Amino acid sequence: MRAFGTTIFAEMSALAAQTGSINLGQGFPDTDGPAAMLDRAVQAIGSGLNQYPPGPGTLELRQAVSEHRLAHYGLTYAADGEILVTVGATEAIAATVLALCEPGDEVIAFEPYYDSYAASIALAGARLTAVTMRPVDGRFTFDPDELRAAVTPRTKAILVNSPHNPTGTVFTRAELTAIAGLCQEAGLIAITDEVYEHLTFDGVEHIPLATLPGMRERTVMISSAGKTFSVTGWKTGWVCAPAPLVRAVNTVKQFLTYTASAPWQLAVAYGLRQELEWVAALRSGLQDKRDRLMEGLAAAGFEVLRPSGTYFVQTDIRPLGFTDGMDLARRLPELAGVVAIPTQVFYEHPERGTHFVRFAFCKKDEVIDEAVTRLKRLSA
Ligand SMILES: *Cc1c(COP(=O)(O)O)cnc(C)c1O
């Protein structure tokens with residue numbers, strides 16, 4: 001694991017703290033989740049729910065997840081055997097990859113990708129095959145032929161993240177159909193990272209891959225409370241899949257963490273049952289923030305790519321006269337008092353993302369406005 005060093009988020013957040021810069025790097029909100037849900041966690045601690053919950057997770061949360069999958073997506077998952085609570089989506093991804101892959105196996109992921117994918121695949125001794133997403137008419141997408149060409153006899157699984165971090169793409173039914181067809185032809189398991197499932201904009205609908213014909217049986221569907229309820233520090237996620245797959249993931253999960261923290265689980269069960277209106281308000285608020293930041297970045301001279309979901313907006317830095325996003329990100333605190341993330345760190349082929357920089361908009365309006373004022377210095 002030596003090659004993995006420290007994550008870019010640690011480096012850039014430390015740089016923000018050192019220089020007093022506005023941190024639009026790491027994707028965490030600067031406001032709290034629903035108050036009644038936070039109270040539930042406090043109540044759970046006060047009422048003695050402080051010992052190990054059952055390995056697969058508190059029954060109440062598994063039931064709430066089961067109801068939510070059915071109500072939202074028409075998907076049926078049994079609370080007993082088909083749902084597993086994890087320490088965030090991060091543990092769910094790691095445990096799934098470790099459970100499914102032998103050394104030498106291959107996992108396909110779309111680059112740029114969330115940074116834990118490459119690390120989880122390396123932990124399993126497996127190999128990551130990257131299929132590159134590129135902007136077409138201002139939206140990042142992939143070439144189905146390149147995806148098909150990435151499959152080999154050693155390919156075990158494909159990691160599908162939609163809504164996609166860091167590009168903000170929400171896969172269309174046509175894109176998902178191409179992925180589903182390939183999974184069925186080549187006998188692949190789909191591991192879907194759906195942590196932004198509720199955070200889509202402009203009326204764009206998130207379609208879980210498991211809802212496509214023939215896909216529920218071969219999909220490990222991963223969600224998390226962190227992004228949905230603005231509680232990224234709670235690290236509470238879950239896996240939904242057919243029982244044999246959940247059993248395999250749990251076999252690994254029980255030796256990574258055994259079980260997830262108890263108090264959050266009850267609070268998240270409450271959130272899934274009672275706070276979906278709060279989530280709808282979060283979504284429309286985030287859409288306004290996206291527009292606010294996009295407008296500001298464009299006025300500051302960036303070329304801005306419009307995201308349909310997530311916390312993030314991609315920019316092309318070349319109109320400002322820069323070519324290397326890593327170089328710009330390291331200098332940005334000094335040039336403008338703002339921190340952002342160079343997108344190239346999310347690539348297997350960094351040269352394909354050299355000129356992109358990612359900004360997070362899950363911040364208070366006044367923080368976004370101040371960042372924009374500062375970024376306008378770049379072209380002044
Ligand atoms: C934030 C994030 C995660 C991690 O979720 P946790 O529940 O905090 O572990 C996983 N995947 C993507 C794409 C994310 O943006």
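The paragraphs below move from the ligand and its pocket to the other empty spaces and then to some backbone features.

The structure is a predicted model, in which local features are reported only at pLDDT of at least 70 and side-chain atom pairs only at pLDDT 80 or more, whereas totals for chains, interfaces and linings use all residues. Residue numbers start from 1 along each chain as its sequence is written, and side-chain values use heavy atoms, with hydrogens and water left out.

The shell around the ligand, where a residue counts if one of its heavy atoms lies within 4 Å of the molecule, is made up of Gly88, Ala89, Thr90, Tyr114, Asn161, Asn165, Asp193, Val195, Tyr196, Ser224, Lys227 and Lys235. Its largest share, three residues, comes from helix α4, residues 88-100; helices (H or I, at least four residues) and strands (E, at least two) are DSSP runs numbered from the N terminus. By class the shell holds four nonpolar, five polar and three charged residues, where Ala, Val, Leu, Ile, Met, Phe, Trp, Tyr, Cys and Pro count as nonpolar, Asp, Glu, Lys and Arg as charged, and the others, Gly among them, as polar.

Three side chains of this shell can be followed to particular ligand atoms through polar contacts, that is, pairs of N or O atoms within 3.5 Å (within protein, one atom must be able to donate a hydrogen and the other to accept it, and residues adjacent in sequence count only if both atoms are side-chain atoms). Asp193 places a polar side-chain atom 2.6 Å from a nitrogen atom of the ligand, while for Tyr196 the partner is an oxygen atom of the ligand, at 2.7 Å from a polar side-chain atom. Lys227 likewise has a polar side-chain atom 3.0 Å from an oxygen atom of the ligand. Of the 380 Å² that the ligand exposes when taken alone, the protein buries 93%, with accessible areas from the Shrake-Rupley method and a 1.4 Å probe, and with only the protein chains shown counting as cover for residues.

Rolling a probe the size of a water molecule over the atoms shows where empty space is left. Here the search runs on a 1 Å grid over the protein atoms alone: a cavity is a set of points where a 1.4 Å probe fits but cannot get out, a pocket is an open set with protein on both sides within 12 Å along at least five of seven lines, and lining residues have an atom within 4 Å of a point. Grid points are joined across faces, edges and corners, and a volume is the space filled by probe spheres set on the points.

The ligand takes up the space of the largest pocket, a molecule being placed in a pocket or cavity if more than half of its atoms lie within 2 Å of its grid points. This largest pocket has a volume of about 520 Å³ and a lining of 26 residues, of which Gly27, Thr90, Tyr114, Lys227 and Lys235 lie nearest its centre. Helix α4 gives the largest share of that lining, four residues, and α4, α5 (116-123) and α8 (225-228) each supply at least two. The lining divides into nine nonpolar, twelve polar and five charged residues.

The second largest pocket holds about 390 Å³ of space, and among its 15 lining residues Phe4, Thr6, Thr7, Asp115 and Val345 lie nearest the centre. Two or more residues of this lining come from each of α1 (8-19) and α5. Its lining has ten nonpolar, two polar and three charged residues.

Two cavities of 30 Å³ or more are found in the whole structure. The largest cavity, with about 40 Å³ of space, is lined by Val160, Ser162, Leu176, Thr192, Glu194, His206, Ile207, Pro208 and Leu209. The second largest cavity, of about 30 Å³, has a lining that includes Tyr114 and Asn161, and this lining divides into six nonpolar, two polar and no charged residues.

Most residues other than glycine have a negative phi, and most peptide bonds are trans. A cis peptide bond, however, joins Ser162 and Pro163, with omega about -10°, and another joins Asn165 and Pro166, with omega about 15°. Pro163 is found in the loop between β7 (155-161) and α7 (173-186), and Pro166 also belongs to the loop between β7 and α7. Asp137, although not a glycine, has a positive phi of about 50° and lies in the loop between β5 (134-136) and β6 (139-141).
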